[in-house]
Amino acid sequence: MDIKLQLEGAESNLEMGSLDDRSMHEFEDESLFTPEAESEKIQRVHGLQNGSVSGDFPSSGNKILQNSVCRSIKTVVFSNKLNLLMPFGPLAIMVHNLTGHKGWVFFLSLLGITPLAERLGYATEQLTFFTGATVGGLLNATFGNATELIISIYALKSGMIRVVQLSLLGSILSNMLLVLGCAFFCGGLICCKKEQVFNKASAVVNSGLLLMAVMGLVFPAVLHYTHTEVHFGKSELALSRFSSCIMLVAYGAYLFFQLRGQTELYVPLSEDENQTGNDADHGGNHDDNEAPEISKWESLIWLAIMTAWISILSQYVVDAIEGASASWNIPISFISVILLPIVGNAAEHASAIMFAMKDKLDISLGVAIGSSTQISMFGIPFCVVIGWIMGRPMDLNFQLFETATLFITVIVVAFFLQVCTFITCMVSVLLHRVP
């Protein structure tokens, strides 16, 4: 009797086990979150987008693509109030074709470029989610300076060498004084209850490169004003071209050092803290639950569109500079040093302040000082080489007053960063010693 009861219990257990196994298999088949179901879903979506699936829904791929395009346009174009200035770009082209008034063409073109420069910075910021802080800071600096470089190339083509020199000089001064100062000020206001820190290594390297660039600009000016040229005019130009080639090689070595050689030196402190927190929490969120609003390919497409549109409007800006100076009685030097850099640095200005307010001071320094380093070590020598190719006598003699101003600015910023680092170290030591 006991043996019979045990056999019946074993059969019931086997039946229950088979039912449990069958129910589990059915649950896995019906679940929407299994890896197999997810892979089939992704393949089906990709097939619809590529048009390779001829199922019951032939228009689903086009519908998904249209929804993605509409969402991207809504996010990039209609999400910022500054984009209300975008229609001034086509309006400048209309005014140029209908009236030809240089002053209004210049003014409307500047208004049209301003939101484009800001959106260029936004697309670059979205791209930093996929590249990291080091490459992101470099991309911000590169595309942030695209406006100045495009305007400089068009000005070189028109033979306006002094405009190129002053606009590049104004861009360096604007980044190092206005952009960096506003970033420190706004970051201190928002994060006043805690200490903001930055990586000393990247700041020291950028300061050294800026000093090297200033030396490259000082030598042609000294050669000119000391009247020690062997061939008047030609020696200065030859020295500028030789120095430009050396500076381009040095900047290439710096990029290799930053991106490949010693990347661990450029890991921001905030990234270290986030990585430690993620290891402790077994995978935390990225930068306080921040996520990219557009995809990587959408960012690249918008970067190409904004750069092309900026290049079109830059041509109208360069053609209307002299006319605007004559009609509005404004010196060309003021337009080149103040107005053009402010419009071109809209992306750096917005990005640096925004990152500083989010307690990402490393990226703010990478945008502001990195942009100045790129203009001085790459932008100016690149324009000299492009002028050499075009047959334009573009040199590194920025005149005595402008060169001295740049030298003093670089010294002040480098000293300020060193003092900030020293104060931070002293405060940390004192805090550790307090019981």
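**Note on an all-helical predicted model**

1. Secondary structure. The protein contains 16 helices and zero strands. The coordinates come from a predicted model, and the points below should be read accordingly.

2. Burial and surface. Of the 435 residues in the protein, 41% are buried. The exposed area comes to about 23,800 Å², of which carbon and sulfur atoms supply 66%.

3. Contacts along the chain. Among contacts in the protein with a separation of 6 or more, 81% join residues that lie 24 or more positions apart. The two salt bridges discussed in points 6 and 7 also join residues distant in sequence.

4. Nonpolar core. The largest nonpolar core has 82 residues, and the members that touch the most other members are Phe106, Leu340, Ile380 and Leu406. Helix α15 (residues 361-390) gives the most to this core, contributing 12 residues. As a general matter, nonpolar side chains tend to be buried together in soluble globular proteins.

5. Surroundings of Leu340. Which residues does Leu340 touch, when those up to four places away in sequence are not counted? The list consists of Phe106, Leu110, Ile151, Ser167, Val317, Ile321 and Ile335. One of these, Phe106, is itself named with Leu340 among the core residues that touch the most other members.

6. Salt bridge between Glu298 and Arg71. The structure holds two salt bridges. In one of them, Glu298 pairs with Arg71, and the closest N and O atoms are 3.1 Å apart. Glu298 belongs to helix α12 (residues 296-328) and Arg71 to helix α3 (residues 60-77), so the bridge ties together parts that are 227 residues apart in sequence. Is each partner buried or partly exposed? Glu298 has a relative accessibility of 10% and therefore counts as buried, the cut-off being under 20%. Arg71, with a relative accessible area of 39%, is partly exposed.

7. Salt bridge between Glu402 and Arg162. Here the closest N and O atoms of Glu402 and Arg162 are 2.9 Å apart. This pair links distant parts of the chain, with Glu402 in helix α16 (residues 400-433) and Arg162 in helix α8 (residues 161-190), 240 residues apart. Glu402 counts as buried because its relative accessibility is 17%, whereas Arg162 is partly exposed at a relative accessible area of 30%.

8. The charged pairs together. Side chains of opposite charge can pair when their charged atoms come close. In the first bridge, the buried residue is Glu298 and the partly exposed one is Arg71; in the second, Glu402 is buried and Arg162 is partly exposed.

Definitions and conventions
Residues numbered from 1 in each chain as written. Predicted model: local features only at pLDDT ≥ 70, side-chain atom pairs only at ≥ 80, totals over all residues. Heavy atoms only, no water. Helix = DSSP H or I, 4+ residues; strand = E, 2+ residues; numbered from the N terminus. Buried < 20%, exposed > 50% of the residue type's maximum accessible area, 1.4 Å probe, protein only. Contact = heavy atoms within 4.5 Å. Areas by Shrake-Rupley, 256 points an atom, 1.4 Å probe, with all protein chains shown as cover. Core = buried A, V, L, I, M, F, W, Y, C linked by side-chain atoms within 4.5 Å. Salt bridge = Lys/Arg side-chain N within 4 Å of Asp/Glu carboxyl O.
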